[in-house]
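Here's a quick tour of the packing and the empty space in this one. Have a look at the model first, then read on.

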Amino acid sequence: MKVLVLGSGGREHALCWAISKSPLCKKLFCIPGNAGIKSVAECVNIKINNFNSIKKFIKKKKINFVIVGPEEPIVNGIVDKLNKLKIKVFGPNKKASILESSKSFAKDFCKRNNIPTADYKKFKNYKDAVNYTQNINYPIVIKASGLAGGKGVFIIKSKFEAKKTLGDLMIKKKLGMSGKEVVIEDYLVGEEISCLALVDGKNYNPLLLSQDHKRIYENDKGPNTGGMGAYCPLPYLKRNIQNKINKEIIEPTIKAMNKEKRPFSGVLYAGLMLVKGKIYLIEYNVRFGDPECQPLIFLLKSDLLKILNNCVNKKLNKTKIKWKKEYAISIVMVNKGYPGKFKKNSIIKNLNLINDYETTKIFHSGTDLDNQNNIIATGGRVLAVTSRDKNFSNAKKKAYEVVKKIKWKNSFFRKDIGFRAKKLK
C-alpha cells in the first residue's frame, strides 16, 4: 500500500514510525510532517487544510490509504471528501466528528442517551452565563464548546474568575469562535482516564487504558495544555474497570451514534473521570490522543497498518490486537512559555545520540530543520520522550534520564509524570 498520514505532531510521528515497519506499507508519505517524521516517511510541505493540493498529491502518487491525525481536517470534512473520490481513509466523517467539535452537542448527546456525565448548563449569551455563575457552588469547569487544541477547559474557583474567563471567551474571543458558546459544568474530583477504542461503525476494539497530564505544572497546577505526558497501561487499576467503561460509555455511544444517523468509524477517544468507582464522560475526541498515542503505539505488538485497514474495511470483529507486556511513559518537552507565548526556532542538540535506544524513542511534535540541518523547536509542544519497561518505575526513570541528556536551553517539562499511578486503586 502507498500510505499518506496527515499531521505534524508527536501522534503522527508515532503512527508513521509504526506504519513504516508494516510489510503492507510500500511507500509512506506525511503531510506536512516534522523533523522526526522525515526519518521514516517522505514529508511533503502542503498545508493540512489545503484540500485541493492534498487531492492532487494523492492522485499524482496513487495513494491507496489515508490516515488523518489531527481533529481540524476531520471536523472540516476531509474524510467525506476523500470518500467521494473513492479513496480509502481512516477517520470519522464530518457528521460523527461533532462529538469533538461541539462540547455542547456532546453533553446533550450524553444526557439523551443516558451516558453518565457531569451536570451542566450551556450558554450562548454572556450575561446569562455570568448570572448563572453568581449563585452556584465552586469550583466549576468552564469549557469553550468549539475546538481549542486542548486549551479550552478552565477550572474556576470564584465568581470573579468565572466572569473574567467568560469575558475572555465570549466577549474578547481569545479562542476565536470556539468560545462563542460555553458549557459550564460541575467539577468532579477523581482520576482522569483516557479510553481510546477503534470503531468500524458497529464493532469496536478498546486500546490500553492510559492517563494524560493536562496541566502545565507539577501536581496538576496551572493552565490546561494539549498534554504534558502520558502513560499506559494503568498500574493498580481494578481489572473490571474496562468492562464497566465498555458497557457504560463505549457501547452506548456507538449505538446512539448509529441511531442518530451519525455512524462512527475511526478512533473514539473517551476522556473519563473515575469518581469513587463510578465512571463519568468528561469529553469525546475523534482521533488518537496526543500524547496518549505515543506510549500506546510504543507498546503495540501487532501490525498497526493492518489493524487500521481492517477498521476501515469493517473487519474489527476479526482483528486481535497484541501488546507488549510492559509499561510505557511519555514525557513531553515544551517551549518555555507554553501554553502562552513562547520563542520559536531554538536549536535542540543531542537527539541523534539517544534516538535509537531499544526501549526509548523520541517522538517529535513541533520540530523542523534549519538551513544548517539543525533540529529546531517550532511549536509549543516539541518532543515526547517515550520509554518502556516491565517495571513502571523503571520506565519512568529511563524516560527522565533521556530527557536530561537533551541539550535545549528553551525547554520545559513536568518532573512528575506518572505521579498519580498509585492513586488509581
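## Packing and voids

The buried residues of α8 (buried is under 20% relative accessible area, exposed over 50%, partly exposed in between, with a 1.4 Å probe and protein chains only) pack against β6 (120-123), α7 (126-133), β7 (140-144), β8 (153-156) and β9 (182-186). Contact here means heavy atoms within 4.5 Å, and the elements are DSSP runs numbered from the N terminus: helices are H or I with at least four residues, strands are E with at least two.

A word on provenance: this is a predicted model, where local features need pLDDT of at least 70, side-chain atom pairs count only at pLDDT 80 or more, and totals for chains, interfaces and linings use all residues. Residues are numbered from 1 along each chain as its sequence is written, and side-chain values use heavy atoms, leaving out hydrogens and water.

Back to α8: its buried set is A162, T165, L166, G167, D168, L169 and M170. The helix covers residues 159-171, and its 13 residues should span 18 Å because the expected span is 1.5 Å times one less than the number of residues. The end C-alpha atoms sit 17 Å apart, which agrees. Just after α8, K173 has a positive phi of about 55°.

Now the cores, meaning sets of buried Ala, Val, Leu, Ile, Met, Phe, Trp, Tyr and Cys residues joined through side-chain atoms within 4.5 Å. The largest has 121 residues, and those touching the most other members are L4, I19, V66, I67, L198, F288 and I406. Helix α9 (residues 241-259) gives this core its largest share, seven residues. A second, separate core of 13 residues includes I140, A144, A162 and V182.

What about empty space? The structure holds two cavities of 30 Å³ or more. A cavity is a set of points on a 1 Å grid over the protein atoms alone where a 1.4 Å probe fits but cannot get out, and lining residues have an atom within 4 Å of a point. Points are joined across faces, edges and corners, and the volume is the space filled by probe spheres set on them.

| Cavity | Volume | Lining residues |
|---|---|---|
| Largest | about 60 Å³ | L198, L207, F288, L296, I297, L300, L304, I307, I321, W323 |
| Second largest | about 30 Å³ | V68, I74, F90, G91, P92, V267, V286, R287, F288 |

Helices α10 (293-299) and α11 (304-312) each give two or more residues to the lining of the largest cavity.

Key: On a 1 Å grid over the protein atoms alone, a cavity is a set of points where a 1.4 Å probe fits but cannot get out, and a pocket is an open set with protein on both sides within 12 Å along at least five of seven lines; lining residues have an atom within 4 Å of a point.
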